[in-house]
Amino acid sequence: MKIAYNGRTGTLYGIWFINLILQILTLFLYRPWAKTKIRKYIYRNIEIDGDNLEYFGSGLELFKGFSKFIIILFILSAGIAVIALFLGVSSLDEILISIFIFLSIYYSQYLAIKYRISRIRWRGIRSGMVGSATDYMFFRVKRVFINIITLGLFVSRSHILNRAYIVNNVEIGTTRLRFQGDPKVLDNIHGITWILAIPTLMLSRFWYKAALKNYLWQ
């Protein structure tokens, strides 16, 4: 299977610049439409065995989804604050709201990825994503705690396991994708660039990020 990208950097920057102007003029309300334009350009320039991908999502869908998320977040946060006030615990609302926002980030990330995948077609075959946003949320939280407890020793494994979790839940038609990466493969470069992070003012981590991107796409 031959995969190629035929997009032009200059054209992409042109789209980005126009999007930026429109976002500023609309106080960033145009952002969902801007993201959609970028996605459509990138996906229609990805060629697999001679046929290009097609992205058919819309800015309005993104706007509605984001608006619902903000409304739900506001209602639940307000509810937590009222309960904390009723119980007479001043700091409880701040703690619970912080935990809720922390969890909602990973939950919404999975839903966002699921939406994007569901709006891609290849040769008329629609892709999709199974799995639970709740399960993904708890998976990511577990990896965060592991990273904290180990002082970042297993960050590279968390990155690869995260990609595996997502890819293994993607379907193209009736075919499930499978990620074959090894969680241990980046341990060495992660360890070296992690040790050098402080003396190099974090510049060493660019080498790790490049290695991570290359490995994930392989």
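Which residue in E5 does Trp122 stand opposite? Trp122 stands opposite Ile125. The close-ups below start from this pair and then move through the rest of the model, which is a predicted one.

**View 1. Strands E4 and E5 meet around Trp122 and Ile125.** Here you can follow strand E4, residues 120–122, beside strand E5, residues 125–129. The two strands run antiparallel, and 2 bridges join them. Trp122 and Ile125 in E5 stand opposite one another. In general, the strands of a sheet pair through backbone hydrogen bonds, and the pairing may be parallel or antiparallel.

**View 2. An open sheet of 7 strands can be traced from E1 to E7.** Stepping across the sheet, you meet the strands in the order E1-E2-E3-E4-E5-E6-E7, with antiparallel pairing. Strand E1 (3–5) and strand E7 (175–176) stand at the edges and have a single partner strand each, so one side of each is left without a neighbour in the sheet.

**View 3. Helix H2 lies across several strands.** Follow helix H2 along residues 31–44, and you will find E1, strand E2 (46–48), strand E3 (51–55) and E4 among its neighbours, since the helix lies across these strands. The angle between H2 and E3 is about 165°.

**View 4. Helix H1 carries Thr9 and Trp16.** Helix H1 covers residues 9–25, and Thr9 has its place there. Is Thr9 buried or exposed? Thr9 is exposed, with a relative accessible area of 56%. To get a feeling for distance, look from Thr9 to Leu53: these residues are 44 residues apart along the chain, and their C-alpha atoms are separated by 18 Å. Trp16 also lies in helix H1, and this residue is partly exposed, at 44% relative accessible area. Trp16 helps to make a nonpolar surface patch of about 690 Å², together with Tyr13, Phe17, Ile18, Ile21 and Leu25.

**View 5. Arg123 and Asp51 form a salt bridge.** In the whole structure there are 5 salt bridges, and this is one of them. The closest N and O atoms of Arg123 and Asp51 are 2.5 Å apart. Arg123 lies in the loop between E4 and E5, while Asp51 belongs to strand E3, so the pair ties together parts that are 72 residues apart in sequence. Both residues are partly exposed: Arg123 has a relative accessibility of 47%, and Asp51 has 31%. As a general point, side chains of opposite charge can pair when their charged atoms come close.

**View 6. Arg121 and Glu54 link strands E4 and E3.** The side chains of Arg121 and Glu54 meet in a salt bridge, at 2.8 Å from N to O. Arg121 sits in strand E4 and Glu54 in strand E3, so the pair ties together parts that are 67 residues apart in sequence. Arg121 is partly exposed, with a relative accessible area of 25%, and Glu54 is partly exposed at 37%.

**View 7. Glu61 and Arg119 join distant parts of the chain.** Their side chains meet in a salt bridge of 3.3 Å, N to O. Glu61 is in helix H3 (residues 59–87), and Arg119 is in the loop between helix H4 (92–118) and E4, 58 residues apart. Which of the two words fits Arg119, buried or exposed? Arg119 counts as buried, at 16% relative accessibility, whereas Glu61 is partly exposed at 33%.

Note on methods
Residues numbered from 1 in each chain as written. Predicted model: local features only at pLDDT ≥ 70, side-chain atom pairs only at ≥ 80, totals over all residues. Heavy atoms only, no water. Pairing = 2+ DSSP bridges. Helix = DSSP H or I, 4+ residues; strand = E, 2+ residues; numbered from the N terminus. Contact = heavy atoms within 4.5 Å. Axes fitted to C-alpha atoms, helices over the stretch in contact; angles between N-to-C directions. Buried < 20%, exposed > 50% of the residue type's maximum accessible area, 1.4 Å probe, protein only. Patch = residues over 30% accessible without salt bridge, like charges linked within 9 Å, V, L, I, M, F, W, Y side chains within 5 Å. Areas by Shrake-Rupley, 256 points an atom, 1.4 Å probe, with all protein chains shown as cover. Salt bridge = Lys/Arg side-chain N within 4 Å of Asp/Glu carboxyl O.
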